[in-house]
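Student: I would like a close look at a single part of this structure. Please take one helix and go through it slowly, with the terms explained.

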Amino acid sequence: LVLCGALGLCIFSVLYPARLIPAIVNLAPSTNLASTRRTYIRAISHLCRELVLNDNLSRMSLEETTGTLRFMRDELQAIDKAIRLGDKDRGITVGADYRSLEHNR
């Protein structure tokens with residue numbers, strides 16, 4: 001069973017086209033940043049709710065809430081730009097806009 005699995009992996013690595021390898025290099029950082037983006041979206045919606053209702057559910061002052069909201073908004077924009085265009089500091093060498101030629105037509 002192990003021998004068949006190893007043989008299958010060898011065949012797969014030979015048959016897998018080498019031209020697609022740069023496209024999957026960014027898969028883990030892209031997935032991680034997408035998860036971070038989802039977390040920021042949820043936090044931003046919570047902080048917007050806190051600003052509108054002002055019921056002190058998060059136990060933050062108005063200045064803390066707006067400062068945190070501004071920081072998260074800026075980070076969300078930077079993460080979105082990194083996923084789309086690439087950002088070496090965040091681990092994405094090639095952005096999604098450049099990877100998917102069919103998407104950009």
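Tutor: What follows is an account of helix H4 and its salt bridges.

This is a predicted model, in which local features need pLDDT of at least 70 and side-chain atom pairs count only at pLDDT 80 or more, while totals for chains, interfaces and linings use all residues. Residues are numbered from 1 along each chain as its sequence is written, and side-chain values use heavy atoms, with hydrogens and water left out.

The chain has 5 helices and 0 strands. Helices (H or I, at least four residues) and strands (E, at least two) are DSSP runs, numbered from the N terminus. Helix H4 covers residues 62-85, which is 24 residues. From its first C-alpha to its last it reaches 34 Å, close to the 34 Å expected at 1.5 Å a residue; the expected span is 1.5 Å times one less than the number of residues. Just after H4 comes Gly86, with a positive phi of about 95°.

Some of H4 is covered by the rest of the protein. Buried means under 20% relative accessible area, exposed over 50%, and partly exposed in between (1.4 Å probe, protein chains only). The buried residues in H4 are Thr65, Leu69, Met72, Leu76, Ile79, Ala82 and Ile83. Over the chain of 105 residues, 16% count as buried.

Now the charged side chains. Side chains of opposite charge can pair when their charged atoms come close. A salt bridge is a side-chain nitrogen of Lys or Arg within 4 Å of a carboxyl oxygen of Asp or Glu, and the structure holds 4 of them.

One of these joins Asp80 and Arg37, at 2.7 Å from N to O. The pair links distant parts of the chain, since Asp80 is in H4 and Arg37 is in helix H3 (residues 27-53), 43 residues apart. Asp80 is partly exposed, at 29% relative accessible area, and so is Arg37, at 26%.

Another salt bridge is between Arg73 and Asp74, at 3.4 Å from N to O. Arg73 is partly exposed at 42% relative accessibility, as is Asp74 at 38%.

Glu75 forms a salt bridge with Arg90, with the closest N and O atoms 3.3 Å apart. Glu75 lies in H4 and Arg90 in the loop between H4 and helix H5 (96-99), so this pair ties together parts that are 15 residues apart in sequence. Arg90 counts as partly exposed because its relative accessibility is 29%. Through salt bridges that share partners, Glu75, Asp87 and Arg90 form one network.
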